[in-house]
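Good morning, and thank you for making time for this presentation. I would ask you to keep the sequence and the structure in view while I speak.

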Amino acid sequence: MPKRRDTFKYKVWRIVVSTPFEYFIMMLIVFNTLLLMMKYHKQGDVYEKSLKYINMGFTGMFSVETVLKIIGFGVK
């Protein structure tokens, strides 16, 4: 927990330790797992590209989570 409560780091820390944030990330993990399970042999090009771009969206959201946690918790 950041020592000073009036800092940006504390505000980000409050978000990343909140229960709704954790549930949201868990929901993203479940949906990403389901997305990865949707691949099949000889799938169409449009379907394959759609899965690829949706997966890139999930990767972006997980990257934002990582950056927020690094800001909130620090590098240590």
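I begin with K42, which sits in the loop that joins helix 2 and helix 3. Please bear in mind throughout that this is a predicted model. The phi angle of K42 is positive, near 60°, although the residue is not a glycine. Is K42 buried or exposed? Its relative accessible area is 73%, above the 50% cut-off, and K42 is therefore exposed.

Let me turn to the helix that follows this loop. Helix 3 runs over residues 45–73 and contains 29 residues. From its first C-alpha to its last it reaches 42 Å, close to the 42 Å expected at 1.5 Å a residue. After helix 3 comes G74, with a positive phi near 90°.

Which residues of helix 3 are buried? They include L51, F58, F62, E65 and G72. As for their partners, the buried residues of helix 3 pack against helix 1, residues 8–16, and against helix 2.

I take the pairing with helix 2 next. Two packed helices are described by the angle between their axes and by the distance between those axes. For helix 2 and helix 3, the angle is about 155° and the axes are 11 Å apart. Helix 2 is therefore roughly antiparallel to helix 3, since the angle is over 145 degrees. Their crossing is left-handed.

On the side of helix 2, the contact involves F21, E22, I25, L28, I29, F31, N32, L35 and L36. These residues meet L51, I54, N55, F58, M61, F62, E65, L68 and K69 in helix 3.

One residue of this set deserves a separate remark. N32 is located in helix 2. Its relative accessibility is 14%, under the 20% limit, so N32 counts as buried. What does N32 touch, leaving aside its neighbours within four places in sequence? N32 is in contact with N55, F58 and F62. Of these partners, F58 and F62 are themselves listed as buried in helix 3.

The second pairing is that of helix 1 with helix 3. Here the axes come within 7 Å and cross at roughly 125°. That angle makes helix 1 oblique to helix 3. The crossing is again described as left-handed. From helix 1, F8, K9, V12, W13 and V16 take part, and from helix 3, L68, K69, I71, G72 and F73. L68 and K69 also appear among the residues that meet helix 2.

I now return to the beginning of helix 2, which spans residues 19–37 and includes T19. T19 is partly exposed, with a relative accessible area of 47%. The C-alpha atoms of T19 and Y47 are separated by 34 Å, the two residues being 28 residues apart along the chain.

Finally, I compare the model with the annotation. An unreviewed UniProt entry lists residues 21–41 and 53–75 under "transmembrane region". In the model, residues 21–41 are 81% helix and 0% strand, with end C-alpha atoms 35 Å apart. Residues 53–75 are 91% helix and 0% strand, and their end C-alpha atoms lie 30 Å apart. The unreviewed entry also carries the annotation "domain: Ion transport" for residues 19–75. That span is 84% helix and 0% strand, and its end C-alpha atoms lie 22 Å apart.

Key:
Residues are numbered from 1 along each chain as its sequence is written. This is a predicted model: local features need pLDDT of at least 70, side-chain atom pairs count only at pLDDT 80 or more; totals for chains, interfaces and linings use all residues. Side-chain values use heavy atoms; hydrogens and water are left out. Helices (H or I, at least four residues) and strands (E, at least two) are DSSP runs, numbered from the N terminus. Buried means under 20% relative accessible area, exposed over 50%, partly exposed in between (1.4 Å probe, protein chains only). UniProt positions are given in the numbering used here, feature names are shortened, and annotations may be inferred rather than shown by experiment. The expected span of a helix is 1.5 Å times one less than its number of residues. Contact means heavy atoms within 4.5 Å. Axes are lines fitted to C-alpha atoms, for helices over the stretch in contact, and angles run from 0 to 180 degrees between N-to-C directions. Angles under 35 degrees count as roughly parallel, over 145 as roughly antiparallel, 65 to 115 as roughly perpendicular and the rest as oblique. A crossing is left-handed if the near helix is turned anticlockwise from the far one by less than a right angle, and right-handed if clockwise.
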